[in-house]
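Reader: Please take me through this structure with one question at a time, and let each reply give its reasoning before it settles on an answer.

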Amino acid sequence: MPQVVVNGQNCKACYYCKELCPENVFAISQEINGGGYFPAVVSNGDACNSCMICYFICPDFAIGVEK
Ligand code: SF4
Ligand code: SF4
């Protein structure tokens, strides 16, 4: 099963990942990160189909997908 991880400290909260993930894997954290943003978090990782869209769309290289 694919493993998706977000490095919350690198996230700048553009939410492209959340908007573009076809499987609704991402949510928004309630906790602020070191940069003052509410980062994306993985909320439904089991649904990931490893399409890699989030990996390539993230402008801050904050997402890892391990197949
Ligand atoms: S695409 Fe990257 S920077 Fe944007 S919300 Fe998702 S993890 Fe954060
Ligand atoms: S790899 Fe695809 S399905 Fe998995 S979290 Fe990223 S965008 Fe969603």
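Reader: In which loop is the place of Y15?

Author: Helices and strands are DSSP runs (H or I over at least four residues for a helix, E over at least two for a strand), numbered from the N terminus. Y15 has a positive phi, near 65°, although it is a residue other than glycine. Its place is in the loop between β1 and α1.

Reader: What pLDDT do local features need in this predicted model?

Author: Residues are numbered from 1 along each chain as its sequence is written, chains are lettered from A and ligands numbered from 1 in the order in which they are written, and side-chain values use heavy atoms, with hydrogens and water left out. This is a predicted model, in which totals for chains, interfaces and linings use all residues, side-chain atom pairs count only at pLDDT 80 or more, and local features need a pLDDT of at least 70.

Reader: Is S50 buried or exposed?

Author: S50 is placed in the loop between β3 (40-42) and α2, and its phi is positive at about 55° although it is not a glycine. Most residues other than glycine have a negative phi. Burial is judged by relative accessible area (buried under 20%, exposed over 50%, partly exposed in between, with a 1.4 Å probe and protein chains only). Because the value for S50 is 18%, this residue is buried.

Reader: What is the radius of gyration of the protein chain?

Author: The protein chain has two helices and four strands, and along the sequence these follow the pattern β-α-β-β-α-β. The globule rule (2.2 Å times the number of residues to the power 0.38, set against a radius of gyration taken over C-alpha atoms) is the yardstick. For 67 residues that rule gives 11 Å, and the chain comes close to it, so it is as compact as a globular protein of that length, with a radius of gyration of 11 Å.

Reader: What share of the residues in the protein chain is buried?

Author: The C-alpha trace spans about 30 × 20 × 20 Å along its principal axes. Of the 67 residues in the protein chain, the buried ones make up 30%.

Reader: Which side chains meet in a salt bridge, and how many residues apart are they?

Author: A search of the whole structure finds one salt bridge (a side-chain nitrogen of Lys or Arg within 4 Å of a carboxyl oxygen of Asp or Glu). The side chains that meet are those of K12 and D60, at 3.0 Å from N to O. The pair links distant parts of the chain, with K12 in the loop between β1 (3-6) and α1 (16-20) and D60 in the loop between α2 and β4, 48 residues apart.

Reader: Which cavity is the space taken by ligand 1?

Author: Ligand 1 is surrounded by residues with a heavy atom within 4 Å of it, and these include K12 and D60 as well as C11, C14, C17 and C58. By class, the shell has nine nonpolar, no polar and two charged residues, where Ala, Val, Leu, Ile, Met, Phe, Trp, Tyr, Cys and Pro count as nonpolar, Asp, Glu, Lys and Arg as charged, and the others, Gly among them, as polar. The space that ligand 1 takes is the largest cavity.

Reader: Which residues come nearest to ligand 2?

Author: Ligand 2 sits in the second largest cavity. Its shell divides into 10 nonpolar, two polar and one charged residue. Of the 13 residues around ligand 2, those that come nearest are C21, C48, N49, C51 and C54.

Reader: What distance separates the C-alpha atoms of F61 and A27?

Author: F61 has its place in the loop between α2 (53-57) and β4 (63-66), and because its relative accessible area is 71%, F61 is exposed. F61 and A27 lie 34 residues apart along the chain, and their C-alpha atoms are separated by 17 Å.

Reader: What distance separates the C-alpha atoms of K67 and V4?

Author: K67 is placed in the segment after β4, and it counts as exposed because its relative accessibility is 71%. Although K67 and V4 are 63 residues apart along the chain, the separation of their C-alpha atoms is 8.8 Å.

Key: 1 Å grid on protein atoms, 1.4 Å probe; cavity = no way out; pocket = protein on both sides within 12 Å on 5 of 7 lines; lining within 4 Å. Sits in = over half its atoms within 2 Å of the grid points.
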